[in-house]
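Trainee: I should like a close look at one part of this model, rather than a survey of the whole. Please choose the part and describe how the elements around it are arranged.

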Amino acid sequence: MAEPERAGSARSMRALERILATKGIQVVPDSPADDSPEENPGDREWHHRARAEYALSRWRTATPPRFGDAEATVPEVMAWADRALADNAAAGALLLTGLTGTGKTHQAYGALRRIAAGGPERFELIAVNSADMYGNLRPSHVMGAAERELRKLSEVQYLLLDDLGTAKTSEWTEEVTYRLINYRYNHCLPTIITSNLPARDDNGPDLTDFVGARVASRLAEMVTSLVPMIGADRRRGGRAA
């Protein structure tokens with residue numbers, strides 16, 4: 001634009017501002033250009049971040065405050081989480097065994113957090129202590145409530161079943177466990193199980209004694225990562241485990 005034209009344009013703008021000012025209207029100057037890159041919903045990286053944020057929010061909702069900082073640090077646990085992220089159907093089950101306070105539950109929640117942070121296409125999670133699960137599944141006065149609860153646990157994408165083997169065994173608990181594990185086995189759904197009992201022990205009680213032969217047979221094929229957690233009780237030192 002030529003100099004006389006620019007000057008004329010400036011005078012016209014000032015005149016317009018004076019007219020608007022008499023009417024109580026203030027002209028807001030244009031904000032300086034923002035050099036920061038804009039979020040592009042069509043960008044692949046944008047979608048990955050959005051999926052990760054959504055999955056992590058669901059993880060936080062399902063995770064007790066005690067394990068809010070859980071992080072998978074055991075190589076076998078990290079590897080299982082990465083397999084689950086890459087291919088849900090091929091992940092199988094992660095079984096963490098060991099004495100009380102050795103960090104099984106912490107690693108279990110950490111594995112699920114690692115999956116969520118990876119930005120999966122879908123992320124659904126239920127985490128439940130086995131004693132609470134059996135309590136919720138006992139027949140009640142609400143018709144069909146127990147069956148609906150069992151269906152939820154059976155069908156959810158990721159299930160964390162904590163402290164399996166601590167409840168008193170009975171034909172009923174064995175049947176419930178069978179129905180749950182059998183469904184997840186047949187439908188290739190990723191499952192994390194923690195237990196104070198060893199997977200197998202010829203000299204004492206083990207997980208097979210609790211779940212029964214039918215469930216043990218399915219777990220033998222279903223478990224793709226068996227991680228014995230060894231060490232002292234961390235809770236006695238004031239650390240969550």
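Mentor: Helices and strands are named here as DSSP runs, helices (H or I) of at least four residues and strands (E) of at least two, and they are numbered from the N terminus. The model is a predicted one. The part I have chosen is the sheet, together with the elements beside it.

The sheet is open and consists of five strands with parallel pairing, in the order 2-3-4-1-5. Strand 2 (125-129) and strand 5 (223-228) occupy the edges; each has a single partner strand, so one side of each lacks a neighbour in the sheet. On average, neighbouring strands are turned by 10° against each other, direction ignored.

The pairings can be followed from the edge formed by strand 5. Five bridges connect strand 5 in the parallel sense to strand 1, which spans residues 93-97. Within this pairing, Ala93 has Val223 of strand 5 as its bridge partner. Strand 1 also pairs with strand 4, again in the parallel sense and over five bridges. Strand 4 in turn runs parallel to strand 3, to which three bridges join it. Ile192 of strand 4 appears in both of these pairings: Leu94 stands opposite Ile192, and so does Leu160.

Strand 4 deserves particular attention, since five of its five residues are buried. In a regular strand, side chains alternate between the two faces of the sheet. In strand 4 both faces are covered, with Thr191, Ile193 and Ser195 buried on one side and Ile192 and Thr194 buried on the other.

Part of the surroundings is supplied by helix 10 (residues 213-222), whose buried residues include Val215, Ala216, Leu219 and Met222. These four lie on the same side of helix 10, because the arc they cover around the axis is only 130°. Ala213, Ala220 and Glu221, on the other side of helix 10, are exposed. The cover over the buried residues of helix 10 includes three strands of the sheet, namely strand 1, strand 4 (191-195) and strand 5, as well as helix 8 (171-186) and helix 9 (207-211).

Helix 8 also meets helix 6 (residues 130-137). Two packed helices are described by the angle between their axes and the distance between the axes. For helix 6 and helix 8, the axes come within 11 Å and cross at roughly 100°. An angle from 65 to 115 degrees counts as roughly perpendicular, and helix 6 and helix 8 are therefore described in that way. Met133, Tyr134 and Leu137 make the contact from helix 6, while helix 8 contributes Trp172, Thr173, Val176, Thr177 and Leu180.

One loop residue completes the picture. Gln157 lies in the loop between helix 7 (145-155) and strand 3 (158-162). Its relative accessibility is 4%, and Gln157 therefore counts as buried, the limit for that class being under 20%. The Gln157 side chain reaches two backbone nitrogens, that of Glu124 at 2.9 Å and that of Phe123 at 3.4 Å. Setting aside residues up to four places away in sequence, Gln157 touches Asn88, Arg122, Phe123, Glu124, Arg184, Leu189 and Pro190.

Arg148, found in helix 7, offers a contrast to Gln157: at 44% relative accessibility, Arg148 counts as partly exposed. Beyond its neighbours within four places in sequence, Arg148 is in contact with Val142 and Met143.

Note on methods. Residues numbered from 1 in each chain as written. Predicted model: local features only at pLDDT ≥ 70, side-chain atom pairs only at ≥ 80, totals over all residues. Heavy atoms only, no water. Pairing = 2+ DSSP bridges. Axes fitted to C-alpha atoms, helices over the stretch in contact; angles between N-to-C directions. Buried < 20%, exposed > 50% of the residue type's maximum accessible area, 1.4 Å probe, protein only. Polar contact = N/O pair within 3.5 Å; in protein donor to acceptor, adjacent residues only side chain to side chain. Contact = heavy atoms within 4.5 Å. Arc of directions from axis to C-beta. Parallel < 35°, antiparallel > 145°, perpendicular 65-115°, else oblique.
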